[in-house]
Amino acid sequence: MSTDQFLDGLAGDLAPVRPRTGRRDLLLLAGVGALELGLFLGCGAARPDIGTAAALPCFWWKVGGLAALTATSAITAIRSFDPAVLPRKGLKAVAWLTGLMLLTGWGIDALGPHGASLPARLMWPHGLRCIASMVLLSIPALVTLGILMRRGAPTDRRGSALAVGATSAAWGAFVFAFNCPHDDPLNVAVWYAAGCTAIAVAGRLILTRLTRW
């Protein structure tokens, strides 16, 4: 059997594969996110004082900052599934955006009233529940992006996995923000940062192993 015949035999049973596109991946991720958020709010998980909270700048700082982080991280992650695109610039943008959000939160905190003690502002038991909730809420995005990453061909697997972890972390925190009754910038900065860091690191470690070829 000649080489050409051998190759023709291997390729004869192959079916055409629909090429992946970043736009389709983003739409799929957005659909999963919208479904999760809709179910979360539809089950009555929204904080009871959300109407009052919406009038406070700290609430929009929290929600808006997390939405921006989610979008930036998601675009970085999905673009990095293309072998010709590296996630480094996008990850730098995520880092700068995180720093800007923390700096803005510090400014809001500096202009606000100060009377409670540090333990009273941090509320340790509530903070630990925050982290657990964010981890659970980040799972749908992490699974969806993990599957998309597996179907893609990222050149920098560690960077892509970190971008996936950052997206999942920011999304889980964003959804939880509609339930969290605390808008104190210090409380948010400590516990949301702790939860997001844990999720991002876990995502990087897990997906780097699961997407090994």
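Which residue's side chain does a polar contact of 2.4 Å join to that of Asp109? In this predicted model, the partner is Arg121. Asp109 belongs to helix H5. Its relative accessible area is 18%, so Asp109 counts as buried. The cut-off for that class is under 20%.

The overall fold is helical. The chain contains nine helices and zero strands. Along the sequence the order of elements is therefore α-α-α-α-α-α-α-α-α. The chain has 213 residues, and 39% of them count as buried.

A second polar contact involves the backbone. The side chain of Thr167 places a polar atom 3.1 Å from the backbone nitrogen of Ala74. Thr167 sits in helix H8. At 2% relative accessibility, Thr167 is classed as buried.

Helix H4 also provides a long-range approach in sequence terms. Ala67 lies in this helix. Its C-alpha is 7.4 Å from the C-alpha of Trp171, although 104 residues separate Ala67 and Trp171 in sequence. Ala67 is partly exposed, with 32% relative accessibility.

Empty space was examined next. Rolling a probe the size of a water molecule over the atoms reveals where space is left. The largest pocket encloses about 440 Å³. Its lining comprises 22 residues. Leu69, Thr98, Ala193, Cys196 and Thr197 are the ones nearest the pocket centre. Four helices each give at least two residues to the lining: H4 (57–80), H5 (88–111), H8 (157–177) and H9 (185–210). Helix H9 has the largest share, with eight residues. By class, the lining holds 19 nonpolar residues and three polar ones. Charged residues are absent from the lining of this pocket.

Aromatic contacts were then listed. A pair of aromatic rings is described by the distance between the centres and the angle between the planes. The structure has six such pairs. In one of them, the ring centres of Phe59 and Trp60 are 5.3 Å apart. The planes of Phe59 and Trp60 meet at 80°, so this pair is edge-to-face. The cut-off for that label is over 60 degrees. Phe59 is buried, at 3% relative accessibility. Another pair, Phe176 and Tyr192, is tilted. Here the centre-to-centre distance is 6.0 Å and the angle between the planes is 45°. This pair links distant parts of the chain, since Phe176 is in helix H8 and Tyr192 is in helix H9, 16 residues apart. Phe176 is buried, with 4% relative accessibility. Tyr192 is likewise buried, with a relative accessible area of 4%. One aromatic cluster is formed by Phe59, Trp60, Trp171, Phe174 and Phe178. Two residues described above recur in this cluster as a ring pair, Phe59 and Trp60. Trp171, whose C-alpha is 7.4 Å from that of Ala67, is also a member of the cluster.

The cysteines were checked for bonding. Zero disulfides are found in the whole structure. For Cys130, the closest cysteine sulfur belongs to Cys180. The two sulfurs are 4.5 Å apart, which is too far for a bond. The limit for a disulfide is 2.5 Å. Cys130 is buried, with a relative accessible area of 1%. Cys43, in contrast, is exposed, with a relative accessible area of 67%. The cut-off for the exposed class is over 50%. Cys196 is among the residues nearest the centre of the largest pocket.

One backbone angle deserves a remark. Most residues other than glycine have a negative phi. Met123 has a positive phi, near 50°. Met123 occupies the loop between helix H6 (118–122) and helix H7 (124–151). Its relative accessibility is 26%, so Met123 counts as partly exposed.

Methods
Residues are numbered from 1 along each chain as its sequence is written. This is a predicted model: local features need pLDDT of at least 70, side-chain atom pairs count only at pLDDT 80 or more; totals for chains, interfaces and linings use all residues. Side-chain values use heavy atoms; hydrogens and water are left out. On a 1 Å grid over the protein atoms alone, a cavity is a set of points where a 1.4 Å probe fits but cannot get out, and a pocket is an open set with protein on both sides within 12 Å along at least five of seven lines; lining residues have an atom within 4 Å of a point. Grid points are joined across faces, edges and corners, and a volume is the space filled by probe spheres set on the points. Ala, Val, Leu, Ile, Met, Phe, Trp, Tyr, Cys and Pro count as nonpolar, Asp, Glu, Lys and Arg as charged, and the others, Gly among them, as polar. Buried means under 20% relative accessible area, exposed over 50%, partly exposed in between (1.4 Å probe, protein chains only). A polar contact is a pair of N or O atoms within 3.5 Å; within protein, one must be able to donate a hydrogen and the other to accept it, and residues adjacent in sequence count only if both atoms are side-chain atoms. Rings of Phe, Tyr and Trp (its six-membered ring) pair if their centres lie within 6.5 Å; planes under 30 degrees apart count as stacked, over 60 as edge-to-face and the rest as tilted.
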